[in-house]
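Grab your favourite viewer and something to scribble on. Below is a short set of exercises, each with a worked solution.

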Amino acid sequence: VSTQSTGKTIFNFKKSNNNNFSILNKKYSHKINIHNSLFLFTLNFLILTNKATSNHTSTCYCCSNFGLINNSFHRFLSMATLNSSVNYTIHSKQIPITGEPNVDIQKCLSSVPFQEWAQRLDNRFVVRAIHFQSLDMFGPRVGFIKFKADIVSHEGKFIPGIVFMRGGTVAILVILETEGLAPQTILTIQPRSPIGVFDCKEIPAGMLDGDGNFAGVAAKEMEEETGIKMSSSELIDLTALAYSERARGVYFTCGGSDEFARIFLFKKKVTKEELLALQNKLTGNLEEGEQITLSVIPLSDLWRTTSDAKALSALTLYEKLKDCL
């Protein structure tokens with residue numbers, strides 16, 4: 001690519017054997033790879049009508065499409081300064097991986113949720129490229145990942161590939177039995193900014209953080225959120241009873257996220273004094289920003305007290321499975 005006025009070379013484009021475009025630029029002193037299928041165009045040539053450093057109009061020819069695009073060159077440069085491409089194996093094929101400049105690609109690729117997604121991906125999905133758009137760290141560990149995959153079927157038909165990746169969670173339906181009272185359950189009340197609700201009511205739950213010990217994580221979350229100590233052997237895996245190995249958990253937003261909830265049941269006999277002590281108890285891991293208040297309600301009122309999908313799923317599984325528990 002050169003300026004029309006001076007003829008000075010700004011970028012050198014080179015197409016490699018794997019259909020990547022390499023951009024060599026002295027100013028940035030590094031090579032950048034752009035996968036043509038990721039950006040869905042093949043660059044034939046680009047002519048600048050003025051200096052590349054200005055905001056003047058540029059003309060861009062892409063495949064069979066021709067257009068006059070105002071200020072497009074700087075937007076193109078922002079795409080070109082992405083992280084250098086790396087390859088990752090999915091279905092025994094090398095897939096080009098790119099990311100935004102502030103995204104650590106290796107941390108994304110090494111995260112347990114992404115590795116599990118890649119390993120479990122049905123081979124009817126043909127992944128041609130992946131671009132990591134954002135990465136949120138929770139201290140030293142990977143929290144949330146957002147990426148866009150270029151995916152088609154074996155017939156070449158487009159398949160949506162936008163993924164908000166957060167991995168699995170555990171959720172616990174607590175049933176407390178007290179003499180003279182109907183079965184009670186526990187809800188946590190805490191602020192949930194994503195849905196704009198300050199006093200969101202949910203059953204106790206927590207992220208797996210890459211830990212495959214579902215019951216162990218559930219026991220830990222129960223202690224953190226309710227103060228109730230238990231061993232993992234006291235928990236009943238309702239998900240496993242219902243689906244065996246056919247499902248890892250209950251999926252809530254499978255059109256956009258990999259999140260699943262492994263649902264457990266915990267039953268315990270308590271005194272009236274112990275039950276009263278749990279009501280309005282303040283709990284939560286303050287280091288993780290949790291501000292939790294407990295609410296004890298009759299189990300029969302759970303379905304209309306909260307619209308939490310974890311709670312409703314847990315209640316449904318319990319009702320269907322209680323005769324064999």
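The exercises start with the whole chain and then move to cores, salt bridges, single residues and a pocket.

Some ground rules: this is a predicted model, so local features need pLDDT of at least 70, side-chain atom pairs count only at pLDDT 80 or more, and totals for chains, interfaces and linings use all residues. Residues are numbered from 1 along each chain as its sequence is written, and side-chain values use heavy atoms, with hydrogens and water left out.

**Exercise 1. Find out how many helices and strands the protein has, and what share of its residues is buried.**

Step 1: Run the secondary structure. Helices (H or I, at least four residues) and strands (E, at least two) are DSSP runs, numbered from the N terminus. You should end up with 9 helices and 21 strands.

Step 2: Work out accessibility with a 1.4 Å probe on protein chains only; buried is under 20% relative accessible area, exposed is over 50%, and partly exposed is in between. Of the 325 residues, 44% come out buried.

Step 3: Look at contacts, meaning heavy atoms within 4.5 Å. Among contacts with a separation of 6 or more, 53% are between residues 24 or more positions apart.

**Exercise 2. Work out which residues touch the most other members of the largest nonpolar core.**

Step 1: Build the cores. Each is a set of buried Ala, Val, Leu, Ile, Met, Phe, Trp, Tyr and Cys residues joined through side-chain atoms within 4.5 Å.

Step 2: Count neighbours inside the 24-residue set: Ile-172, Ile-186, Leu-235, Phe-264 and Phe-266 touch the most other members. At least two residues of this core come from each of β13 (168–177), α5 (214–226), β19 (260–269), α7 (272–278) and β21 (292–298). The top contributor is α5, with 6 residues.

Step 3: Zoom in on Ile-172. Skipping neighbours within four places in sequence, Ile-172 is in contact with Ile-203, Pro-204, Ala-218, Met-222, Leu-235, Phe-264 and Phe-266.

Step 4: Don't stop there. A second, separate core has 22 residues, including Val-103, Ile-145, Phe-147 and Val-163.

**Exercise 3. Trace which residues are joined with Glu-202 into one salt-bridge network.**

Step 1: Set the criterion: a side-chain nitrogen of Lys or Arg within 4 Å of a carboxyl oxygen of Asp or Glu. Side chains of opposite charge can pair when their charged atoms come close. The structure holds 13 such bridges.

Step 2: Take Glu-202 and Arg-192, whose closest N and O atoms are 2.7 Å apart. Glu-202 sits in strand β15 and Arg-192 in strand β14 (residues 184–192), 10 residues apart. Glu-202 is buried at 7% relative accessible area, whereas Arg-192 is partly exposed at 33%.

Step 3: Add Lys-310, which bridges to Glu-202 with closest N and O atoms 2.9 Å apart. Lys-310 is in helix α9 (residues 309–321) and Glu-202 in strand β15, so this pair ties together parts 108 residues apart in sequence. Lys-310 counts as buried, at 11% relative accessibility.

Step 4: For contrast, try Glu-224 and Lys-220, at 3.0 Å between the closest N and O atoms. Both lie in helix α5, 4 residues apart, about one turn of the helix. Glu-224 is partly exposed at 21%, and Lys-220 is partly exposed at 43%.

Step 5: Merge bridges that share partners: Arg-192, Glu-202, Asp-308 and Lys-310 form one network.

**Exercise 4. Decide whether Val-197 and Ser-111 are buried, partly exposed or exposed.**

Step 1: Val-197 lies in strand β15 (residues 197–202). Its relative accessible area is 30%, so Val-197 is partly exposed. Not counting residues up to four places away in sequence, Val-197 touches Gln-190, Pro-191 and Arg-192.

Step 2: Ser-111 is in the loop between α3 (105–110) and α4. At 6% relative accessibility, Ser-111 is buried. Beyond its neighbours within four places in sequence, Ser-111 is in contact with Val-142 and Ile-145.

**Exercise 5. Identify which element gives the largest share of the lining of the second largest pocket.**Step 1: Use a 1 Å grid over the protein atoms alone; a pocket is an open set of points where a 1.4 Å probe fits, with protein on both sides within 12 Å along at least five of seven lines, and lining residues have an atom within 4 Å of a point.

Step 2: List the lining: 35 residues, with Pro-113, Trp-117, Val-163, Ser-257 and Asp-258 nearest the centre.

Step 3: Sort by element. α4 (112–120), β10 (141–152) and β12 (162–165) each supply at least two lining residues, and the largest share, 5 residues, comes from α4.
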